[in-house]
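Welcome to this short tour. Open your viewer, keep the sequence panel beside it, and select along with the stops below.

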Amino acid sequence: MLAGLVAGVPAAALVTPIDVVKTRWQADGGMDKYKSPWDVLQRSVREEGYAVLMQGCLPRVLRVSPQLAINLAMFEFLS
């Protein structure tokens, strides 16, 4: 279970910037406002700084890490 918890922290943290771009792309109108996901990334960083890419990282880590720990523990238990 500990291995799943330890693996979940970097996994959740590393995908946070991608999820921020995806969420902004979806919520802000997609092609109406932005040309591409790369445009979302560039404009977000230019307007709000690099810290914007880690918005929501802590809640994601707190949700994903225990979930992955339980999943891996159940897999090992049932295998």
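**The whole chain**

With everything selected, show the surface: the protein exposes about 5,600 Å², and carbon and sulfur atoms supply 68% of that area. Accessible areas here come from the Shrake-Rupley method with a 1.4 Å probe, and for residues only the protein chains shown count as cover.

Before going further, please note that this is a predicted model, in which local features need pLDDT of at least 70 and side-chain atom pairs count only at pLDDT 80 or more, while totals for chains, interfaces and linings use all residues. Residues are numbered from 1 along each chain as its sequence is written, and side-chain values use heavy atoms, with hydrogens and water left out.

Now colour by confidence. pLDDT is the predictor's confidence in each residue, from 0 to 100. The mean for the protein is 90, and 100% of its residues reach 70 or more. Among the elements, helix α2 (residues 37-48) has the highest mean pLDDT, 94, and helix α1 (residues 2-27) the lowest, 89.

Switch to cartoon. Which pattern does the protein follow along the sequence? The pattern is α-α-α, with 3 helices and 0 strands (DSSP runs numbered from the N terminus: helices are H or I of at least four residues, strands are E of at least two). The radius of gyration is 16 Å, well over the 12 Å that the globule rule gives for 79 residues, so the protein is more spread out than a compact globule. That radius is taken over C-alpha atoms, and the rule is 2.2 Å times the number of residues to the power 0.38. Along its principal axes, the C-alpha trace spans about 50 × 20 × 15 Å.

Of the 79 residues, 27% count as buried (under 20% relative accessible area; exposed is over 50%, partly exposed in between, with a 1.4 Å probe and protein chains only). Among contacts (heavy atoms within 4.5 Å) between residues at least 6 apart in sequence, 63% join residues at least 24 apart.

**Stop 1: helix α1 and the loop after it**

Select Thr 23, in helix α1. Thr 23 is partly exposed, with a relative accessible area of 38%. Add Val 40 and draw a C-alpha to C-alpha distance: the two residues are 17 apart in sequence and 9.9 Å apart in space.

Next, pick Gly 29 in the loop between α1 and α2. Gly 29 is partly exposed too, at 34% relative accessibility. For a long view, add Ala 3: its C-alpha atom is 39 Å from that of Gly 29, with their positions 26 residues apart along the chain.

**Stop 2: helix α2**

Select Asp 39, which lies in helix α2. Is Asp 39 buried or exposed? Asp 39 is buried, at 12% relative accessible area. Leaving aside residues up to four places away in sequence, Asp 39 touches Lys 33 and Tyr 34.

Finish with Leu 41, also found in helix α2. Leu 41 counts as partly exposed, at 23% relative accessibility. Show its neighbours: not counting residues up to four places away in sequence, Leu 41 touches Val 21 and Leu 53. Then add Val 6, which is 35 residues from Leu 41 along the chain, with 28 Å separating their C-alpha atoms.
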